Amino acid sequence: MFGSWACAGSLSKLGWFRSHVSQWPDKKLMVFCVGASPANNPEIRQFLEKNFQTPDMEGVEAFYCPGGFRYESMPLPSRLMMKMFTKALGAKKDKTEAEQEMLKMVSSSYDISDRKYIAPILERLQGQCAAEEMTTKERKPCGM
């Protein structure tokens with residue numbers, strides 16, 4: 001299981017994970033990421049496909065969990081970047097509906113996290129643990 005955060009169409013430390021996938025040929029691999037976009041944003045599907053539907057990531061299951069962000073906790077460079085982004089987006093003429101929604105969301109801190117978004121991850125992990133137990137003579141904790 002590898003977890004990271006998504007930002008601007010990329011996944012932090014994905015290069016590291018990608019470089020290690022071949023070292024775990026007999027393992028079930030899963031990735032989860034947390035980002036600021038709502039779960040129903042169509043760009044999330046495109047993001048996951050772009051990053052995980054490649055030959056080197058074959059068999060890796062990917063999950064997205066909406067989270068949000070807090071300007072108060074961001075490092076100064078990130079806050080400045082977001083301020084420039086919101087200013088540029090706000091100045092754009094003829095904004096699409098999606099851009100208007102984005103501007104509304106990133107104009108201030110917000111939290112759209114919910115425990116329901118981890119349910120599919122937990123279900124998959126529980127299923128994996130059960131499958132491992134059935135194939136092991138000793139009863140030991142999953143992943144050991």
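**Entry 1: the main core**

I take a nonpolar core to be a set of buried Ala, Val, Leu, Ile, Met, Phe, Trp, Tyr and Cys residues joined through side-chain atoms within 4.5 Å. The model I am reading is a predicted one. I looked up its largest nonpolar core and found 16 residues. Which of these residues touch the most other members? I noted Leu11, Phe17 and Phe52. Next I listed the elements that give two or more residues to this core: strand E1 (2-7), helix H1 (14-20), strand E3 (30-35) and helix H2 (42-52). H2 provides the largest share, four residues.

I also recorded a second core, separate from the largest one, with seven residues. Met82, Met105, Val106 and Tyr110 are among them.

**Entry 2: Leu11 and its contacts**

I then went back to Leu11, one of the three residues that touch the most other members of the largest core. Leaving out residues up to four places away in sequence, I found leucine 11 touching Ser4, Trp5, Ala6, Val31, Cys33, Phe47 and Phe52. Phe52 is thus on this contact list, and Phe52 is also named with Leu11 among the residues that touch the most other core members.

**Entry 3: Asn51 in H2**

I looked up asparagine 51, which lies in helix H2. Is asparagine 51 buried or exposed? Its relative accessible area is 8%, and the cut-off for buried is under 20%, so I entered asparagine 51 as buried. With residues up to four places away in sequence not counted, asparagine 51 touches Gly9, Leu14, Arg18 and Met57.

**Entry 4: His20 in H1**

Histidine 20 has its place in helix H1. I found a relative accessibility of 19% for histidine 20; because buried means under 20%, this residue counts as buried. What does the side chain of histidine 20 reach? I found the backbone oxygen of tryptophan 16, at 2.7 Å.

**Entry 5: H3 against H4**

I turned to helix H3 (residues 76-91) and helix H4 (residues 97-106). Their axes are 10 Å apart, and the two helices pack at an angle of about 145°. The crossing of H3 past H4 is left-handed. Which residues meet here? From H3 I listed Met82, Phe85, Thr86, Leu89 and Gly90; from H4, Glu99, Met102, Leu103 and Val106. I sorted the residues of this contact into six nonpolar, two polar and one charged. Met82 and Val106, both in the contact, also appear in the second core.

**Entry 6: positive phi**

I looked up backbone phi at two residues other than glycine. Phi of lysine 13 is near 65°, a positive value. Lysine 13 sits in the loop between strand E2 (10-11) and H1. Its relative accessibility is 60%, and exposed means over 50%, so I put lysine 13 down as exposed.

For aspartate 94 I noted a phi near 55°, again positive. Where is aspartate 94 placed? I found it in the loop between H3 and H4. Aspartate 94 has a relative accessibility of 76% and therefore counts as exposed.

**Entry 7: Lys87 and a distance**

Last, I checked lysine 87, which lies in helix H3. Lysine 87 is exposed, at a relative accessible area of 66%. How are lysine 87 and serine 12 separated? The two residues are 75 residues apart along the chain, and I noted 25 Å between their C-alpha atoms.

Definitions and conventions. Residues are numbered from 1 along each chain as its sequence is written. This is a predicted model: local features need pLDDT of at least 70, side-chain atom pairs count only at pLDDT 80 or more; totals for chains, interfaces and linings use all residues. Side-chain values use heavy atoms; hydrogens and water are left out. Axes are lines fitted to C-alpha atoms, for helices over the stretch in contact, and angles run from 0 to 180 degrees between N-to-C directions. A crossing is left-handed if the near helix is turned anticlockwise from the far one by less than a right angle, and right-handed if clockwise. Contact means heavy atoms within 4.5 Å. Ala, Val, Leu, Ile, Met, Phe, Trp, Tyr, Cys and Pro count as nonpolar, Asp, Glu, Lys and Arg as charged, and the others, Gly among them, as polar. Buried means under 20% relative accessible area, exposed over 50%, partly exposed in between (1.4 Å probe, protein chains only). A polar contact is a pair of N or O atoms within 3.5 Å; within protein, one must be able to donate a hydrogen and the other to accept it, and residues adjacent in sequence count only if both atoms are side-chain atoms.
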